[in-house]
Amino acid sequence: MVNFQLLLIDGLVLSVIVGTIVVTSFIKRPRIWIRDFPDDIGEMAQPMTAQEKSLALKVGLSTVAVMLGTLAISTVRFGFEGGFWLAVLHAYLLFQFFNVVDVAIDWAALALIDPADPPIPGTAGAPGWSNYAYHAIASIKGVFLGIPIAMLAASLGWLYWGFVSL
């Protein structure tokens, strides 16, 4: 059985933690997110420096680690009494909770960014600064990406749960 209270609580925790990482890093270093915007923005911007590429990798890996860890912890909190696949469903629904929040963050950023004076130099006037559909399509990709992520998170949770149960 799905535990909606746990999904809501852990979904909010996941969203606050990962959302804070994304928003803060975008505010401080928007260029590290160039790959997450429509191609026209990336084409107009100067290529990322080696330092920016390194930071983008560090922030990206940290974000994935925090997300997987949070999903795995929530899966352990949910438990495996209903079986592994129910725990995968829990992790998947939790991931989709954040997927919706992520689209809201992206759309809020687009609404707040002035396309004539964007945070990434050299991209003024890029149509991508108003491309809400791009982020909606990315969220649809997240529907499918959530499957292996949920399976991995539930597997990590199951390994921990099994180890603690010994």
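**Exercise 1. The surroundings of Ser74**

Task: In this predicted model, determine which residues Ser74 is in contact with, leaving aside its neighbours within four places in sequence, and decide whether Ser74 is buried or exposed.

Solution.
1. Locate the residue: Ser74 lies in helix 3.
2. List the contacts: with neighbours within four places in sequence left aside, Ser74 is in contact with Leu6, Asp10, His90 and Leu94.
3. Look for a polar contact: the side chains of Ser74 and Asp10 are joined by one of 2.5 Å.
4. Apply the cut-off for burial: Ser74 counts as buried because its relative accessibility is 1%, and buried means under 20%.

**Exercise 2. Helix 1 and its packing**

Task: Compare the span of helix 1 with the expected value, and state which helices its buried residues pack against.

Solution.
1. Take the extent: helix 1 covers residues 4-28, 25 residues in total.
2. Compare the spans: from first C-alpha to last, helix 1 reaches 35 Å, close to the 36 Å expected at 1.5 Å a residue.
3. Examine the start: a side-chain oxygen of Asn3 comes to within 3.2 Å of the backbone nitrogen of Gln5.
4. Identify the buried positions: Leu6, Leu7, Asp10, Gly11, Leu14, Ser15, Val18, Gly19, Val22, Ser25 and Phe26.
5. Consider the spacing: an α-helix has 3.6 residues a turn, so residues three or four places apart point the same way.
6. Find the partners: the buried residues of helix 1 pack against helix 3 (50-78) and helix 4 (84-112).

**Exercise 3. The largest nonpolar core**

Task: Name the residues that touch the most other members of the largest nonpolar core, and find which helix gives the most to this core.

Solution.
1. Rank the members: among the 32 residues of the core, Leu14, Trp33, Met67, Leu71 and Trp129 touch the most other members.
2. Assign the sources: helix 1, helix 3, helix 4 and helix 5 (132-164) each supply at least two residues.
3. Select the main contributor: helix 4 gives the most, with 7 residues.
4. Inspect one member: not counting residues up to four places away in sequence, Trp129 touches Phe37, Ile41, Leu110, Ile113, Pro115, Pro118, Pro119, Ile120 and Thr123.

**Exercise 4. The largest pocket**

Task: Give the volume of the largest pocket, and identify the lining residues closest to its centre.

Solution.
1. State the volume: the largest pocket holds about 1200 Å³ of space.
2. Describe the lining: of its 39 residues, Val22, Trp33, Asp36, Asp102 and Asp106 are the closest to the centre.
3. Trace the elements: helix 1, helix 3, helix 4 and helix 5 each give two or more residues to the lining.
4. Find the largest share: helix 4 provides it, with 11 residues.

Methods. Residues numbered from 1 in each chain as written. Predicted model: local features only at pLDDT ≥ 70, side-chain atom pairs only at ≥ 80, totals over all residues. Heavy atoms only, no water. Helix = DSSP H or I, 4+ residues; strand = E, 2+ residues; numbered from the N terminus. Expected span 1.5 Å × (residues − 1). Buried < 20%, exposed > 50% of the residue type's maximum accessible area, 1.4 Å probe, protein only. Contact = heavy atoms within 4.5 Å. Polar contact = N/O pair within 3.5 Å; in protein donor to acceptor, adjacent residues only side chain to side chain. Core = buried A, V, L, I, M, F, W, Y, C linked by side-chain atoms within 4.5 Å. 1 Å grid on protein atoms, 1.4 Å probe; cavity = no way out; pocket = protein on both sides within 12 Å on 5 of 7 lines; lining within 4 Å. Points joined across faces, edges and corners; volume = space filled by probe spheres on them.
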